[in-house]
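Visitor: Please take a close look at a single part of this model, a pair of strands and what surrounds them. I would like one connected account.

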Amino acid sequence: MKYTKTIQAKFIDRPNRFIAHVEVDGKVETVHVKNTGRCRELLLPGVTIILAVADNPNRKTKYDLIAVYKDGIGLINMDSQAPNVVVGEYLARVRDITYIKPEYTYGDSRIDFYFEQGETKCLMEVKGVTLEREGIAYFPDAPTERGVKHIRELIKAKEQGFDAYLAFVIQMEGVHQVLPNEEMHPEFAEVYREAVAAGVKVVNFSCRVREDELWIEKENRR
């Protein structure tokens, strides 16, 4: 996926989950943050961030905060909508996938993708990953009851004959392993292990990350 127009800015602060104050060409701007997670290890005062110029000129905020530079890692895309977009693009490139339906209702949840490979029916739940420690990515960066619920649905789907996938989109370069963040959310780590034992396939997507682009380059299956 590509963003139409992006610019660099400096991060100042984040008064709430939805907005941040940034410096653009010496002027303070209020921008929309396209990630409601904590991102405390990323959004530090003075760091260089990337803004996407909003398509709607009448919107209250002119920019979306989509990426940030982190020392030792480089650019991290933190747009929470981007992982589903790039996975959709990726699945469309896989030759033996004959049908794709995003936002598929299964049980009491909406699973990100339903797709068919030959006679095999598949479900895939997608998680974007921005938290990195010592070259390893971790998910989640905040407790996620929704994430736990979705994994339980994947376990049920596997029991009912689907191929079930839990997909992590690593929104940075040079990091290829994702582990459950047990310290942050023990229940997520527990259900993650239950899913692996039940046959749910874990996929880590390695990405190319640019200021105006996010693209899946490689699929690594556990």
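Guide: Two strands count as paired if DSSP finds at least two bridges between them. The model is a predicted one. In it, strand E2 (residues 19–24) pairs with strand E3 (residues 27–33) in the antiparallel sense, over six bridges. One of the partnerships is that of Val24 with Lys27 in E3. The hairpin of E2 and E3 has two residues between the strands, and Asp25 takes a positive phi near 55° there.

E3 is also joined to strand E5 (residues 63–70), by two bridges, and these two strands run parallel. Here Val33 stands opposite Leu65 in E5.

Next, the packing. The largest nonpolar core holds 44 residues, and Val22 and Leu65 are among those with the most contacts inside it, together with Ile49, Leu51, Leu123 and Phe168. Helix H2 (residues 145–159) gives the most to this core, with five residues. A second, separate core has 27 residues, including Met1, Ala52, Leu75 and Ala82.

Leaving aside residues up to four places away in sequence, Val22 touches Ala9, Lys10, Phe11 and Ile12, and also Lys27, Val28, Glu29 and Val31, with Ile49 and Leu51 completing the set. Two of these neighbours reappear in the charged contacts: Lys27 and Glu29 are linked with Lys62 in a network of salt bridges.

The count of salt bridges comes to 16. One of them involves E5: Lys70 pairs with Glu132, the closest N and O atoms being 2.7 Å apart. Lys70 lies in strand E5 and Glu132 in strand E10 (residues 131–133), so this salt bridge ties together parts that are 62 residues apart in sequence. Are the two partners buried or exposed? Buried means under 20% relative accessible area. Lys70, at 17%, is therefore buried, and Glu132 is buried as well, at 9%.

For reference, another antiparallel pair can be set beside the hairpin of E2 and E3. Strand E14 (residues 201–210) and strand E15 (residues 213–221) pair in the antiparallel sense over eight bridges. A hairpin joins E14 to E15 through two residues, and the bridge partner of Val209 in E15 is Leu214. Farther along, Arg221 forms a salt bridge with Glu219, with the closest N and O atoms 2.5 Å apart. Arg221 is partly exposed at 49% relative accessible area, and Glu219 is partly exposed at 26%.

Technical notes
Residues numbered from 1 in each chain as written. Predicted model: local features only at pLDDT ≥ 70, side-chain atom pairs only at ≥ 80, totals over all residues. Heavy atoms only, no water. Helix = DSSP H or I, 4+ residues; strand = E, 2+ residues; numbered from the N terminus. Core = buried A, V, L, I, M, F, W, Y, C linked by side-chain atoms within 4.5 Å. Buried < 20%, exposed > 50% of the residue type's maximum accessible area, 1.4 Å probe, protein only. Contact = heavy atoms within 4.5 Å. Salt bridge = Lys/Arg side-chain N within 4 Å of Asp/Glu carboxyl O.
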